[in-house]
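Reader: I am new to this structure and would like a close look at a single part of it. Could you take one strand and follow it outward, to its partners, to the sheet and to what packs around it?

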Amino acid sequence: MTVLIRSATPADAPATLRLFRRAVRIGAAGLYSLPQRRAWAPARLPLAAWRTRQTRNLTLIAEIGGAIAGFAELRPDGHVHMLYTDPAFTRRGVGRALLAAGDEALAVRGVRHRSAWASAVSRAVFERAGYRITGRRVAARRGQRFLTFRVVR
């Protein structure tokens, strides 16, 4: 099936928040413990703040067969703040398509640099898209520690 990319609207916020939770709680289960996943995607995230952030950033939606399969949030400086694929749509090119569409949208704005802090889950997607690892850090969130990888292109 074809991955279609479109700009997010404020009405997409509830669906992207649900997708985020599914991606972390189900999709990351093989690489992160339950306490880590709960800290990463807590049950209570304010929808209004989520919507505001997605509106402030360049947020792209990937659809397959009319269903939201993934989303990406890119900051105006070229930093990929979020890149998530619904577990039902992994290994179908969703992440790669979102990164490519983000590249096009940012290039039109004159932004050439790309960076992200990639999780152990998303690291391979970034590497396949031509990003290279330039560093590592252990980030703390809600009492849990996470190894993340600085990737740039």
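Author: Ser 7 stands opposite Leu 60 in β2, and this pair belongs to the contact between β1 and β2, two strands that run antiparallel and are joined by four bridges. The model is a predicted one, and the strand to follow in it is β2, which covers residues 58-64.

On its other flank, β2 pairs with β3 in the antiparallel sense, here over seven bridges, and within this pairing Ala 62 has Gly 70 in β3 as its bridge partner. The two strands form a hairpin with two residues between them, and in the turn Gly 65 has a positive phi of about 60°.

Is β2 mostly covered or mostly open? The strand is mostly covered, since seven of its seven residues count as buried, that is, they have under 20% relative accessible area. Leu 58, Leu 60, Ala 62 and Ile 64 point one way from the strand, whereas Thr 59, Ile 61 and Glu 63 point the other way, and all of them are buried.

Seen in its wider setting, β2 belongs to an open sheet of seven strands with mixed pairing, in the order β1-β2-β3-β4-β5-β7-β6. The edges are held by β1 (4-7) and β6 (132-141), each of which has a single partner strand, so one side of each is left without a neighbour in the sheet. From one strand to the next, the twist averages 30°. The helix α4 packs on this sheet, where it touches β1, β2, β3 and β4, and its direction makes about 140° with that of β2.

Toward the far edge of the sheet, β5 and β7 run antiparallel and are joined by four bridges, with Ala 116 standing opposite Val 151 in β7. Val 151 is also the bridge partner of Ile 133, within the antiparallel pairing of β6 and β7 (residues 144-152), which extends over nine bridges. These two strands form a hairpin as well, with two residues between them, and Arg 142 in its turn has a positive phi of about 50°.

The packing of nonpolar residues brings β2 back into view. In the largest nonpolar core, which has 23 residues, Leu 74, Val 80, Leu 83, Val 94, Leu 98 and Phe 126 touch the most other members. β2 is one of the elements that each supply at least two residues of this core, along with β3 (67-74), β4 (79-85), α4 (94-108) and β5 (115-118), and α4 gives the most, with six residues. Phe 126, leaving aside residues up to four places away in sequence, touches Val 80, Leu 83, Leu 99, Ala 116, Ala 118, Tyr 131 and Val 151. A second, separate core has 17 residues, among them Ala 28, Ala 39, Trp 40 and Phe 71.

What remains is the open space in the model. The largest pocket holds about 1,200 Å³ of space, and of the 48 residues that line it, Trp 40, Leu 83, Tyr 84, Ser 119 and Ser 122 are the closest to its centre. The elements that each supply at least two residues of the lining include α1 (13-27), α3 (47-56) and α5 (123-128), together with strands such as β6 and β7, while β4 gives the most, with seven residues.

Technical notes:
Residues are numbered from 1 along each chain as its sequence is written. This is a predicted model: local features need pLDDT of at least 70, side-chain atom pairs count only at pLDDT 80 or more; totals for chains, interfaces and linings use all residues. Side-chain values use heavy atoms; hydrogens and water are left out. A nonpolar core is a set of buried Ala, Val, Leu, Ile, Met, Phe, Trp, Tyr and Cys residues joined through side-chain atoms within 4.5 Å. Buried means under 20% relative accessible area, exposed over 50%, partly exposed in between (1.4 Å probe, protein chains only). Contact means heavy atoms within 4.5 Å. Two strands pair if DSSP finds at least two bridges between them. Axes are lines fitted to C-alpha atoms, for helices over the stretch in contact, and angles run from 0 to 180 degrees between N-to-C directions. On a 1 Å grid over the protein atoms alone, a cavity is a set of points where a 1.4 Å probe fits but cannot get out, and a pocket is an open set with protein on both sides within 12 Å along at least five of seven lines; lining residues have an atom within 4 Å of a point. Grid points are joined across faces, edges and corners, and a volume is the space filled by probe spheres set on the points.
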